[in-house]
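Reader: I should like to examine how the terms applied to this structure are justified. Please show it before we begin.

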Amino acid sequence: MAKNDLKTVYVCKECGHVHPKWSGKCRECGSWDSLEEEVTSPAQPSFSNGVSIVHSTEAELISDIDLDTREEVRMETGISEFDRALGGGIVKGSVVLISGEPGIGKSTILLQICKSLDKGRKILYVSGEESSTQIKLRAERLGVVGDNVFLLCETNVDVILSYVDKISPDLLIIDSIQTTFSPSVDSIPGSISQVKQCALSIIHKSKDASISTVLVGHVNKDGGIAGPKVLEHMVDVVLTFEGERSQFYRLIRASKNRFGSTNEIGVFEMGDRGLIEVTDPSRALLSEKPKNVAGSCTVCVHEGTRPILAEIQALVSKTVYPAPKRVVTGLDYNRVSILLAVIEKRLGIYLSSQDVYLNVIGGLRLDEPSSDLAIVMSIISAYRNIEIDDKTVALGEVGLLGEVRSVSFITSRIKEASRLGYKRIIIPKSSYPKDLKGLPEGFEIVAVKSITEILKLFA
Ligand SMILES: Nc1ncnc2c1ncn2[C@@H]1O[C@H](COP(=O)(O)OP(=O)(O)OP(=O)(O)O)[C@@H](O)[C@H]1O
Ligand SMILES: [Mg+2]
């Protein structure tokens, strides 16, 4: 192609709109600082802004569609925690995007799926990031035999799709979508137009041939999925790998799922044999909980259908800075700021001269408001240096007036606490269960209406 044919355009990362000139704000969607320079050929427009994924030959009546031969057929991967996050396995012909920080374990879990998937199924594993020897080395470490696994180290999407036609796999894995490129688009791999075009071609193939597909996606520096925002709209399921690389636990959470709940999480532990499923996360997360130390409180959150016990730790110390420090991991920063203000106003505990550090153990992220009461209790415990009995669980949403508000799934949370040997649970009065059977003798339920009532625990 002659150099003169090439044209520089600016593409919005958020909406994919193409601008002839750079500007600080996208004219289409209004987002700031979202334009990226791309070199493209005017003769072959790289893509349209609209996204069309499924070709339909003719319109048909919804009542005429035969379900037995259509989408809703799930394929279990053999890794139950992964299937749980997906809502029971990968739906045939669906496209799953899995993203996460570098080195978190994306390639590892996908290679493990190659091992655990039913032997009768064919898998095509396409890698644009590692050589076949590197993948083989990892496969040996993970014990993947791979009688049914075809490996392809290729980045050209046309070549990849020709192999898909040749092999007709049941599962197609693309590691990663950012490394694939389409020769019809004149910009570098990983650019917005390339990612969009390649994803579009792969999704077309996946829908047409009913091939379940998993795309690996890189993350940008803010933790979002790199590439166009529209990528998340194009796929059926978006899974995110969470957890600190320095810690053992890894969580897989669905942020979008066209075929299931987005509340379920899969919990894993990283080891030298790969990712091991943690089927009893409560027990694992609390295994190292220290005894008789101030600043620690156990909470019970509900992730999908499963209650999970977790430990919140707080450290409160006199500040040496003009403005006190607030360091929060695993919790929402703004939520913690509100709770600190509620503690000051409603309990008269002044924390404006104190640094506050909060952490959820195990790399877990707690977004449920039911963690509020445990956050408040851990802060008071740390501030007053009075420990909370280590057989106590606290849960409840705290309102701005200091009231403790109701939470859902109270019975299953109480049962989980008693299963793990806890002796006392502090819950909102409005959530007091009417019918509770099978609780061990001596298990105490303390119902509170306001956070002022918990102060007597620290007397
Ligand atoms: N020999 C080993 N023993 C224990 N853990 C290992 C070993 N080799 C790799 N790991 C773990 O596997 C992780 C790398 O996993 P993997 O390559 O699947 O990550 P990834 O998410 O695919 O990363 P990238 O985005 O860079 O491709 C390492 O961070 C490390 O925790
Ligand atoms: Mg990888």
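Reader: Which residue in the hairpin of β15 and β16 takes a positive phi?

Author: The residue is Gly 304, with a phi near 65°, in a hairpin that has 2 residues between the strands. The model is predicted, so local features need pLDDT of at least 70 and side-chain atom pairs count only at pLDDT 80 or more, while totals for chains, interfaces and linings use all residues. Residues are numbered from 1 along each chain as its sequence is written, chains are lettered from A and ligands numbered from 1 in the order in which they are written, and side-chain values use heavy atoms, with hydrogens and water left out.

Reader: What makes β15 and β16 a pair of strands?

Author: Two strands pair if DSSP finds at least two bridges between them. Strands β15 (residues 296–303) and β16 (residues 306–318) have 8 bridges, in the antiparallel sense, and therefore they meet the definition. A strand here is a DSSP run of E with at least two residues, a helix a run of H or I with at least four, and both are numbered from the N terminus. Within this pairing, Ser 296 stands opposite Gln 313 in β16.

Reader: With which residue of β18 does Gln 313 stand opposite?

Author: Gln 313 stands opposite Asn 359. β16 and β18 (residues 354–360) pair in the antiparallel sense over 7 bridges.

Reader: Why is Glu 242 called buried?

Author: Buried means under 20% relative accessible area, exposed over 50%, and partly exposed in between (1.4 Å probe, protein chains only). Glu 242 has 18%, and is therefore buried. This residue is found in strand β11 (residues 237–242).

Reader: How do you know that the side chains of Glu 242 and Arg 253 form a polar contact?

Author: A polar contact is a pair of N or O atoms within 3.5 Å; within protein, one must be able to donate a hydrogen and the other to accept it, and residues adjacent in sequence count only if both atoms are side-chain atoms. The contact between Glu 242 and Arg 253 is 3.0 Å, so the distance satisfies the limit of 3.5 Å.

Reader: Which distances link Gly 103, Ile 104 and Lys 106 to ligand 1?

Author: An oxygen atom of ligand 1 lies 2.7 Å from a backbone N or O atom of Gly 103. For a polar backbone atom of Ile 104 the distance to a ligand oxygen is 3.3 Å, and for an N or O atom in the side chain of Lys 106 it is 2.8 Å.
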